[in-house]
Amino acid sequence: MRSIWVHGSYMKALDHEVLLAALELQDEVLGPTTNFEPRQPASHNKPGSVTVRPDPAVDLDCAERDAFHIVNGVNDNSWFFHSPLQYWSGNASNISADGDIISTVNEKKTQSTSVGVTLRHSIVFSGKRFEDRRLVGVDALVITLIHLRDSPVGKQWVRKLEAVVASMQGKWQQVVPPDGRSTSSQLYEFQFRPMSWFDLVILSIAYSLTLFYLTLSLSRLHAVKSRLGLMVTIICQIAASIVSSFTVCAIFKIDLSRIPSYAYPLVILSISMENSLRLINAVIMTSSSINISARIGEAFGATAYVAVANRLQNLLILFVLSRITVPGVAAFCTFAAVAIVFDFFYLATFFLSVLSVDVRQRELSELEKASLKRTKSQQSQSGNSTWADTLRHIRLGDVALSTRIAGTIVVLGFVLTAQLHYAPDSGRWWLNRLFNLSWKSTDASALKSSLLIDINQARSPTSWLRLQDHETAREVISVVKPWAHSYVALVYDPVIFVLKGSNRRSSTGEPYFLPAVYDFFHHQLYRFTITLMTMTAMVLLFTRYLLRDGVKQPGDPEHPEDEPLLSVYTLSRDHTLDVEMMSASPKGYLVSVGLDRTIQVWDVPSGARSRVLCDAEVPLENPFPVFGMALDDSTKQLALVSWNSVFLWDVDKRQWGPHSRVDLGGREKPQAVFFNHKSVDTPPSLVVVKRNGTMVELHPGDDKSSDFVVCKTPLVLAVPFAEYSPKHKATRMSIITASRKSCIHIVTQDEDGWISKEVKLTYQGEERESKGIHSLIPIPSLSLYLIGRGRSVDLVDLESSSIISTFRTESMKPCSLRHIAVVRPQQNGLASLTLAYIDAETEDLIIRTYLPEDETDVIYSYNPVDARNGHRQSWAAEREIVRRVPKPGAWEALSNGSIVGVRRRPHANVHEQLPGTVPILRRLSTGRQDVTPCPESVDGPWEAWVMSHLETTGDIEQTLLDDPPKERSSRTRVHAPRQLMISKLGPMVKFGTMSVAVAFGNVVKVISVGHEHFDKGQDRLGTGGDMRNMIVRRRKTGGLARIRASY
């Protein structure tokens, strides 16, 4: 490859004088090129029809020259050329007559030569200047000859150049080299290697696996509503990083065309996804007792140094790889390095902001359960550790090594694969560069005492050569070696001519900014503005979607500015008599059974309500009397247990399902009723625990049942809970029971059914008697449970049955014990424990909170491996906070760490009973406000109360329940008339994480602490969303806590 560069004044090579001088020089060297058309008839192209003159000093005539042109066949004598003068067909008259050279050059930039090579500005000009996307000036005209080794045209080029320099000295101001002979050369490989179908398949698989891993990782997070939002956020962050890197590379003119553009995002996707997921997991593992800003700050502080170290590590690796790889792969390394820097910037700004919004609209306790479940799943396999497990547990601080090197492995793998793909024959070369550590550039042009300083070129020949894109390489390859993907050329330094009288100083005034800046303001500013406004609107809509239940809008009647912490919703009053029984599910379904023999099903989040169609005349549609019920969220089936039958009602289809017979041993109510999911592929079974110490498992679809013995003595307590099974590597239901003789049994599932094992409590190696038990509360997340007695509470290890600690209490009212356990998953420990119960003597609510001395510590650590080996850490509580709430009424401990209750507000004036009034328990109101109260209501109106921040201030807030105008109901209408007058509350149940439902005669009120977010996936124990509840009569409002107190 030989070339001639023709310069006029600085950046004025398109002047008529320069073009005509270049055309004269071209015709002198190559012969006449006016209307150049070398194609000859096929008869002239037969082998041997063209011979080379024996005397190389004799010039070729036009016919001989054209016969050797490559368009007439490829042989060792072939040649072709391209020149900017071909825009005017090599005709001086056309150049002289052209009044707008600039327009001609821009209009014909896609013109092709006779061999199909496009006359791009990049190959026929050097030192270009653009304005408004138009070429407005060039510094040099480039005439290039490409010939094979023995071509006589190439020899004539060399000979004629020397003669031209000698004969036309008066026309040229400067010639470099002065004698016109270019002796310096270098080997240069032009390459165009397209992606094969196999490459496309492999790349598609890589993208699919990466996106699948992203989807799978996010699906394991218990943030159902924002799972898609986080995925979109990660993809947007990666897209912004890639676009920013492309922009920077374009500004600095880094050629990224050698590798297909659709291969670039893969590496950035892997690195960004790794750091984003690490940050999400860090936020999940922060304590729920601190505010959102502190949680985000703590999580980012715990992962930022790892992210910075990871990026510095990748930047160093990319720098090393850029020095030992081919230019195309080296350009990719530069692109990846820039994208990595931008990705960290967007991670610390955009992604962190969206993540904080997501955390605000979800309860952390739900996230902690999912995180803890994953942790237990991974640790359960440590018994059979392999070298891969050992590598996975090597850590830097709190971050596993495997999570830090995943992106680095992808970077190395992709770069080395690209190197082998685009330089398959240069492996020995780049390995030698790697081992020889030849980091310094050996650019020959930098070592020579250059004669080009006075010329003041806008672009050097070496820089111009590197600027050639892969499309030009593809076209040249198709001409020279149609069967190949590359060719190696001996590229000679150009012979440079400067027209006499030219001013090579930069007097035209260079622009202050890069052309891309001016192009942006002239052509892209309005698009950027519209895009920015659109994206801003989308972000606002997206944020409102995430916080649609929590953002207070000005003037919004749903969320006024002075909105209290407690909110009360009254469900539609379709019971005509008292509500006697209620049950709830994690997804917000509420079932009520009334004395009017009606059963109502409410979908509280949507406000929908349906009635179970009961018919007293049809035995298979008459579940009364209802002794127990359970609701399965996954199948939408409601199980109603009567004295000798089990009825199934399909909530969605509103029709009766299979009917099963069950013997409850008389008209005794069951101790527990719940659905059991053994696998996702099989329908759930229904488990009924009887008071006589037995249990039955019903399979309604198969009409099968199995009986099991739990205990030989009658049961007083039966509590189902979800527990992770290391043996089966899945979450399964278990039951803990207590009998009249105070013997405790733990019932677990096996392949063949249920196995009951009696518990022998021990304390410091000595056996302790199980007496006076009235409460059992499991804490499955830490494999613990609580035993409530008359004046103490025992914390027991579920695996070894050893008592970890005993808490002394006042005289405790039976079945009144609740608990709140704050688990810190990153430390596998208990951050705080709150015990709440009723003092049997004063009827006050006692709240005891146990805390560590240091807020960052835990009071109890749990390791599943040590637990199975019989090793347990001792109790380490240093602080105890005791609070007392007088006359609490009916109350519950919620999963969000607060306690909510309903009670009578003390009243100063006691109403006297009017003569003639009937002291009935309830009477139907006529809707007027002057209805005579019953004697039991002399204590004043009903109020709801909540105590929050148990670990710090213990704030209390109250709100009245008897004032309908103050109730806010977005789910159902509030009906003031036809409410029964009440003296005692009905049953109270928990559902969701921040709500309770309580029966007021024939009315059900929902009391929420904050804004409830109902679970749309699995429940917090990972059991598939099935509802487990004890039967609660109004006179025993505390019985429910035996099942639902833990979270």
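**A tour of the aromatic rings**

Start by selecting W656: with a relative accessibility of 17%, this residue counts as buried, because the cut-off for buried is under 20%. Keep in mind that you're looking at a predicted model.

Now add F647 to your selection. This one is buried too, at 4% relative accessibility. Show both side chains and you'll see that F647 and W656 make an edge-to-face aromatic pair, with 6.0 Å from centre to centre and 65° between the planes. A search through the whole structure turns up 14 aromatic pairs, so there's another to visit, and a good next stop is W942 with F1000.

Select those two. Their ring centres are 5.9 Å apart and their planes sit at 90°, so this pair is edge-to-face. Colour the strands as well: W942 belongs to strand β41 (residues 942-948), while F1000 is in strand β44 (residues 995-1000). The pair therefore ties together parts that are 58 residues apart in sequence. Both residues count as buried, W942 at 8% relative accessibility and F1000 at 1%.

Stay with F1000 for a moment and bring up K1005. You'll find K1005 over the face of the F1000 ring, 5.8 Å from the ring centre.

Want another charge over a ring? Select R818 and W891: the charged end of R818 sits over the W891 ring, 4.5 Å from its centre.

For the last stop, select F36, W79 and F81. What links these residues into a cluster? Ring pairs do: they join F36, W79 and F81 together.

Conventions. Residues numbered from 1 in each chain as written. Predicted model: local features only at pLDDT ≥ 70, side-chain atom pairs only at ≥ 80, totals over all residues. Heavy atoms only, no water. Phe/Tyr/Trp six-rings, centres within 6.5 Å; stacked < 30°, edge-to-face > 60°. Buried < 20%, exposed > 50% of the residue type's maximum accessible area, 1.4 Å probe, protein only. Helix = DSSP H or I, 4+ residues; strand = E, 2+ residues; numbered from the N terminus. Lys NZ or Arg CZ within 6 Å of the ring centre and 35° of its normal.
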